[in-house]
Amino acid sequence: METTSRVGAQASDAEGGQPVPSARRTVDGYLLAPFPWYGLDEAFTGPRWLMKVGTSADGAVEHGSIGHGDEPSVRSESTTDDKERFAVVVTVASSPVRRSADGTGLLEATSVSSAAWLAGVGLLNCTWPGQMDHTLRDDWLDQQTETAWVLADDLTGPDWSSLSLPVDGVPASFHYRESEFGWVLAGSTQQGVHLGAYGRGMSAYGLGFSVVKDITAYV
């Protein structure tokens, strides 16, 4: 998979590394991005909220996530996670291999696999299997993160199926998979970005995506 050290090695920052609500950030980073942000289209009328942007090794904004519906809590036996309904849309800038700003190295390309991995890790960060001791979660998360990486690197493999969803009103093809924790999908747009998404309690089959016209309205 071509990514910037797994998209800047910032999945834990990008998707929280902590329970998702604490990852909410201001709009400032989003305004610095030279690419358009995507969210669910106008058919979704529920709450929308910003998460944290991720940057490349040279400090450029490279990806970020916008949540829709309920802000997810970490899944556990004690929560009512079955009642949570949310979908998070991850926008990843489409970038070729390029030299870092200081000229000391190369930044790898981003791809649909980058979006798939970020979405997979995002879902994991709001998941906590029942019966698991808190001290074991880090080991579990490391293992599952590696699995998400392997899956994202094989989008044509048997774990993925195809799903057609509208992007800016035009049907687009996505790679889609489900697990006991929720669903993940990834694809590309005609606007020079890759899209990832993950969710739980909200079916992916009825979703549509569109460019966010005013990102400041999400604050």
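Which residue in β11 does Val88 stand opposite? Before selecting the pair, bear in mind that the model is predicted, and take a moment over the whole chain.

**The whole chain**

With everything displayed, the protein shows five helices and twelve strands, and buried residues account for 53% of its 219 residues. The surface that the protein exposes comes to about 10100 Å², of which carbon and sulfur atoms supply 49%. If you draw the contacts between residues at least 6 apart in sequence, 64% of them join residues at least 24 apart.

**Strand β11 and its two partners**

Select residues 193-200, which form strand β11, and look at how the strand is covered: eight of its eight residues are buried. In a regular strand the side chains alternate between the two faces of the sheet. Colour Val193, Leu195, Ala197 and Gly199 for one side of β11, then His194, Gly196, Tyr198 and Arg200 for the other, and you will have marked two faces that are both covered, with each of these residues buried.

Add residues 86-93, strand β5, which runs antiparallel to β11 and is joined to it by eight bridges. Here the opening question is settled, since the residue of β11 that stands opposite Val88 is Tyr198.

Next bring in residues 182-188, strand β10, which pairs with β11 in the antiparallel sense over six bridges. Two positions are worth labelling along this pairing: Gly187 stands opposite Leu195 of β11, while Leu185 has Ala197 of β11 as its bridge partner. The hairpin of β10 and β11 has four residues between the strands, and at Gly192 you will find a positive phi near 80 degrees.

**Across β10 to β9**

Keep β10 selected and ask how much of the strand is covered: six of its seven residues are buried, so β10 is largely enclosed by the rest of the structure. A hairpin of two connecting residues leads from β9 to β10, and these strands pair in the antiparallel sense over five bridges. Within that pairing, Tyr176 stands opposite Leu185 of β10, so that Leu185 can be read against β9 as well as against Ala197 in β11.

Now step back along the chain to the loop between β8 (161-167) and β9 (170-179), where Asp168 lies. Most residues other than glycine have a negative phi, and most peptide bonds are trans. Asp168, although not a glycine, has a positive phi of about 55 degrees. Is Asp168 buried or exposed? Neither label applies, because its relative accessibility of 36% makes it partly exposed.

**The core around Leu185**

Return to Leu185 and show its contacts, leaving aside neighbours within four places in sequence; the residues that light up include Ala119, Leu163, Leu165, Phe174, Tyr176, Leu195, Ala197 and Phe209. In soluble globular proteins, nonpolar side chains tend to be buried together. The largest nonpolar core in this model has 61 residues, and the members that touch the most others are Tyr30, Trp37, Leu185, Tyr198 and Phe209. To see where the largest share of this core comes from, select helix α4 (residues 112-124), which contributes nine residues.

**Aromatic pairs**

A pair of aromatic rings is described by the distance of the centres and the angle of the planes. The structure holds six such pairs. Begin with Trp117 and Trp149, whose ring centres are 5.5 Å apart and whose planes meet at 85 degrees, so the pair is edge-to-face. Trp117 sits in helix α4 and Trp149 in helix α5 (residues 137-152), so that the pair links distant parts of the chain, 32 residues apart. Trp117 counts as buried at 4% relative accessibility, and Trp149 is likewise buried, with a relative accessible area of 14%.

Move on to Phe174 and Phe209, a tilted pair with 5.4 Å from centre to centre and 45 degrees between the planes. Because Phe174 lies in strand β9 and Phe209 in strand β12 (residues 209-211), this pair ties together parts that are 35 residues apart in sequence. Phe174 is buried, with a relative accessible area of 1%, and Phe209 is buried with a value of 1%.

For the last stop, select Tyr30, Phe35 and Trp37, which ring pairs link into a cluster; Tyr30 and Trp37 were already met among the core residues that touch the most other members.

Terms used. Residues are numbered from 1 along each chain as its sequence is written. This is a predicted model: local features need pLDDT of at least 70, side-chain atom pairs count only at pLDDT 80 or more; totals for chains, interfaces and linings use all residues. Side-chain values use heavy atoms; hydrogens and water are left out. A nonpolar core is a set of buried Ala, Val, Leu, Ile, Met, Phe, Trp, Tyr and Cys residues joined through side-chain atoms within 4.5 Å. Buried means under 20% relative accessible area, exposed over 50%, partly exposed in between (1.4 Å probe, protein chains only). Contact means heavy atoms within 4.5 Å. Accessible areas come from the Shrake-Rupley method with a 1.4 Å probe; for residues, only the protein chains shown count as cover. Two strands pair if DSSP finds at least two bridges between them. Rings of Phe, Tyr and Trp (its six-membered ring) pair if their centres lie within 6.5 Å; planes under 30 degrees apart count as stacked, over 60 as edge-to-face and the rest as tilted.
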